[in-house]
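Reader: I have a model open and would like to go through it. Can you take me around?

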Amino acid sequence: MNFLKNLFGSGRAAANQEEAVPYKGFTIQPRPKKVAHGWTTEAVIAFEKDGQMQTQEFIRADISFSREDAVDLTLKKAQTMIDFMDEKSFPK
């Protein structure tokens with residue numbers, strides 16, 4: 001049975017996906033990754049521009065001890081970044 005789970009996926013990856021969070025017209029999708037000393041601070045930030053979805057990867061050097069802390073920190077940092085930028089900052 002483990003062979004089939006490995007072949008087709010166990011569903012754990014989907015369970016580990018964080019909910020996308022809307023913020024000032026942007027959408028923040030936290031994507032922390034487990035590394036040797038904790039969890040990374042990563043997300044994808046999306047914004048609809050001219051009818052097309054624009055995305056930007058967001059990666060910071062901060063490491064958190066737990067996944068939950070990483071998600072919280074990622075959201076705070078992404079929101080701060082959005083506060084200082086606008087849709088012009090996204091690639092065309």
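Author: We go through the core, the strands, a helix and two loop residues. This is a predicted model, where local features need pLDDT of at least 70, side-chain atom pairs count only at pLDDT 80 or more, and totals for chains, interfaces and linings use all residues. Residues are numbered from 1 along each chain as its sequence is written, and side-chain values use heavy atoms, with hydrogens and water left out.

Reader: Which residues make up the largest nonpolar core?

Author: It has 11 residues: Y23, F26, I28, A43, I45, F47, F58, V71, L75, A78 and I82. A nonpolar core here is a set of buried Ala, Val, Leu, Ile, Met, Phe, Trp, Tyr and Cys residues joined through side-chain atoms within 4.5 Å. Buried means under 20% relative accessible area, exposed over 50%, and partly exposed in between, with a 1.4 Å probe and protein chains only.

Reader: Which element gives the most to this core?

Author: α3 does, with 4 residues. β2 (26-30), β4 (38-49) and α3 (67-83) each supply at least two. Helices (H or I, at least four residues) and strands (E, at least two) are DSSP runs, numbered from the N terminus.

Reader: What is Y23 in contact with?

Author: Leaving aside neighbours within four places in sequence, Y23 is in contact (heavy atoms within 4.5 Å) with I28, Q79, I82 and D83.

Reader: On to β2. Why is it largely enclosed?

Author: Because 4 of its 5 residues are buried, β2 is largely enclosed by the rest of the structure. β2 pairs antiparallel with β1 (residues 21-23) over 3 bridges, and 5 bridges join β2 to β4, also in the antiparallel sense. Two strands pair if DSSP finds at least two bridges between them.

Reader: And what does I28 face in those strands?

Author: V21 stands opposite I28, and in β4 the bridge partner of I28 is I45.

Reader: Now α3. Which of its residues are buried?

Author: R67, A70, V71, T74, L75, A78 and I82. They cover an arc of only 130° around the axis, taken from the directions from the helix axis to the C-beta atoms, which puts them on the same side of α3.

Reader: Last topic, the loops. Which residue between β4 and β5 should I look at?

Author: D50 is in that loop, with β5 covering 52-64. D50 has a positive phi of about 55° although it is not a glycine, and at 76% relative accessibility D50 is exposed.

Reader: What about K24, buried or exposed?

Author: K24 is exposed, with a relative accessible area of 58%. K24 lies in the loop between β1 and β2 and has a positive phi of about 50°.
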